[in-house]
Every structure is written in structure tokens, then in C-alpha cells.
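Good morning, colleagues. Please take a moment to look at the sequence and the structure on the screen before I begin.

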Amino acid sequence: LSYRDIADQFSQFYGLKLSHVTIRDWVLKFSKIMNKYSKTIQPQIKGVWNADETLILTKRGKDKKNPNKNYDYVWNVMDNKTKFLLASECSGRSRKSKDAVHVFKEAHKQNGKIPFQIITDRYAGYQDGVRKAFRNWGNERKVKHTSIVGKRKVVNNNAIESHHSHQKEFHKIRRGVTEVQSYQDGFRVFHNFVRKGVKDKLTPAERCGIGINGNRWNTLLLNSIKQQKATNLTGEENVIKSH
């Protein structure tokens, strides 16, 4: 739903008059808090990752002569088996191998373990990204990199491409955003811990054994706020609290 539609629902169902701007501010504020907390939860999956990049429309406005000028690149890395989204990083208008290196390092940091294999599309920057992110050269080669070019009957990138479809549905109603990374952080939390699969009725986090019980949004938000309050304590307050 658009923020205006959400504001209208608050008005109709609860008699609360809220500005759509207020709701937008809530989404961005709590997305940042929950994302920070979610990064402390490591699934530690040692399997196969899917990686791909997509374009997100920004508020810079459309330019028919330069269609990609008004879009930002977002790089996603997902565990193939559980569909847990390990990283979702915005690189602005840049699409270079250094951006692939960055998203792979973020995925490794989130997961806690390196994968056996990474599946990507034809973009050559991924090969360099895997090599540099995991020191994947010579006798130290640890991660198998597979491009789907010419191998679609055997291997594919459907898992990450399906995620991009859901991601674009979310952004379509907003017709462009300015805080691309903040929205990606929030959507990653939603995808991993809240949204259940159609077939098995499990979230990606539950498939990893790190799911959240009860009201997933509420529990995740409360845990995130508790963590934020704990990390905001001064050294003196921590000493007092420990006693």
C-alpha cells in the first residue's frame, strides 16, 4: 500500500488522523533500528549463494534519453536453499567490480561463513568480486564461482530474480525513493524475518533455525529497541547496571 492508503486505513478503522509523511518517517526510522539488530543474527550457512543486481527508480525524475540515469543499482546476495537475504547494498549509479566485492563482504559478515559456491549472471565484475572478496586465487581458492551463461538448463538464478520481482512490487507504488539503502534495509528485514513462504509457510529465518516466535514484527522491533538502548548506555551506566 502507499503511505496515503495506510494513513486512510488508520483513519477509517481507528479514527486516528496521521499524515502519510509521519508513517514514512516511522518506516525509515524503525527500518534502520531493526536492520542494525538483524545484522547481529548470523545464520552461518555454508551452502550456495545467488547474487544479482537490479535497478531501483529514484526521485531524480525520469529522463527518456538516459533511462538508467534516474535509477540506482542495488546488489543482492541470497542463500539458495533457505532464501535468506544476506546482503542488499545500494551502489548508486555505479556498477563496477568493487561494488560486487562490497556486497560479497557484507554477505560474508552477515552469514559468518563463506559459501561453497556463488551463482551469478554474465556480468564479468562478479568474477573479480568473488576473487577479491574471498582471496579466491591460486592455492587459496575456496569458493566456486558459476556464471549461468550457457548453463541455464543445469543452473539458474531464479531465487534472486524472484526476490527482485517482489522488491519491484514494493517500490512500484512509491514511484521512486530517495533513501534507497534505508528502504533496502527495511525490505531485507521484512523478507528474512516476517514474510512467510507460500509452500512451507516458513520465513527464511525460520528455515535457518533463527526465526522469531509470536508476533514477528512486534518481537523484532522490541528486541531491536532493547539492543539500541543497551548500546547507547555510557560506560558509567554500564558499570552501574552490571552491579
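How many of the residues of strand 2 are buried? Please keep in mind that this is a predicted model. In strand 2, which covers residues 71-79, 8 of the 9 residues are buried, and the strand is thus described as mostly covered.

Let me stay with the strands. Strand 1, residues 48-57, runs antiparallel to strand 2, and 9 bridges join them. Within strand 2, Val77 stands opposite Ala51. Strand 2 also pairs with strand 3, residues 85-92, again in the antiparallel sense, over 6 bridges. Here Tyr73 has Gly92 in strand 3 as its bridge partner. The hairpin of strand 2 and strand 3 has 5 residues between the strands, and in that hairpin Lys83 takes a positive phi near 65°.

I turn now to the pockets. As general background, rolling a probe the size of a water molecule over the atoms shows where empty space is left. The largest pocket has a volume of about 720 Å³. Its lining consists of 24 residues, and those nearest its centre are Val27, Ser31, Phe170, Phe190 and Trp217. Two or more lining residues come from each of helix 1 (3-14), helix 2 (20-38), helix 5 (158-172), helix 6 (180-194) and helix 8 (216-231). Helix 2 supplies the largest share, with 6 residues. By type, the lining divides into 15 nonpolar, 6 polar and 3 charged residues.

The second largest pocket holds about 340 Å³ of space. Lys83, which we met in the hairpin, is one of the residues closest to the centre of this pocket, together with His191, Arg195, Gly197 and Arg207, out of 19 that line it. Helix 5, helix 6 and helix 7 (204-208) each give two or more residues to this lining. The most, 4 residues, come from helix 5. What is the make-up of this lining in nonpolar, polar and charged residues? It comprises 7 nonpolar, 5 polar and 7 charged residues.

My last topic is the aromatic residues. In general, a pair of aromatic rings is described by the distance of the centres and the angle of the planes. The whole structure contains 13 aromatic pairs. One of them joins Phe10 and Tyr14, a tilted pair with 6.1 Å from centre to centre and 45° between the planes. These two residues are 4 apart in helix 1, so about one helical turn separates them. Phe10 is partly exposed, at 25% relative accessibility, whereas Tyr14 is exposed, with a relative accessible area of 61%.

Another tilted pair is formed by Phe170 and Phe187, at 5.4 Å centre to centre and 45° between the planes. Because Phe170 belongs to helix 5 and Phe187 to helix 6, this pair ties together parts that are 17 residues apart in sequence. Phe170 has a relative accessible area of 23% and is partly exposed, while Phe187, at 7%, counts as buried.

There is also one aromatic cluster formed by Trp49, Trp75, Phe104, Tyr123, Tyr126 and Phe134. Over the ring of Tyr123 sits the charged end of Arg95, 4.1 Å from the ring centre. Likewise, the charged end of Lys46 sits over the ring of Phe116, 5.0 Å from its centre.

Thank you for your attention.

Key
Residues are numbered from 1 along each chain as its sequence is written. This is a predicted model: local features need pLDDT of at least 70, side-chain atom pairs count only at pLDDT 80 or more; totals for chains, interfaces and linings use all residues. Side-chain values use heavy atoms; hydrogens and water are left out. On a 1 Å grid over the protein atoms alone, a cavity is a set of points where a 1.4 Å probe fits but cannot get out, and a pocket is an open set with protein on both sides within 12 Å along at least five of seven lines; lining residues have an atom within 4 Å of a point. Grid points are joined across faces, edges and corners, and a volume is the space filled by probe spheres set on the points. Ala, Val, Leu, Ile, Met, Phe, Trp, Tyr, Cys and Pro count as nonpolar, Asp, Glu, Lys and Arg as charged, and the others, Gly among them, as polar. Rings of Phe, Tyr and Trp (its six-membered ring) pair if their centres lie within 6.5 Å; planes under 30 degrees apart count as stacked, over 60 as edge-to-face and the rest as tilted. Buried means under 20% relative accessible area, exposed over 50%, partly exposed in between (1.4 Å probe, protein chains only). A charge sits over a ring if NZ of Lys or CZ of Arg is within 6 Å of the ring centre and within 35 degrees of the ring normal. Two strands pair if DSSP finds at least two bridges between them.
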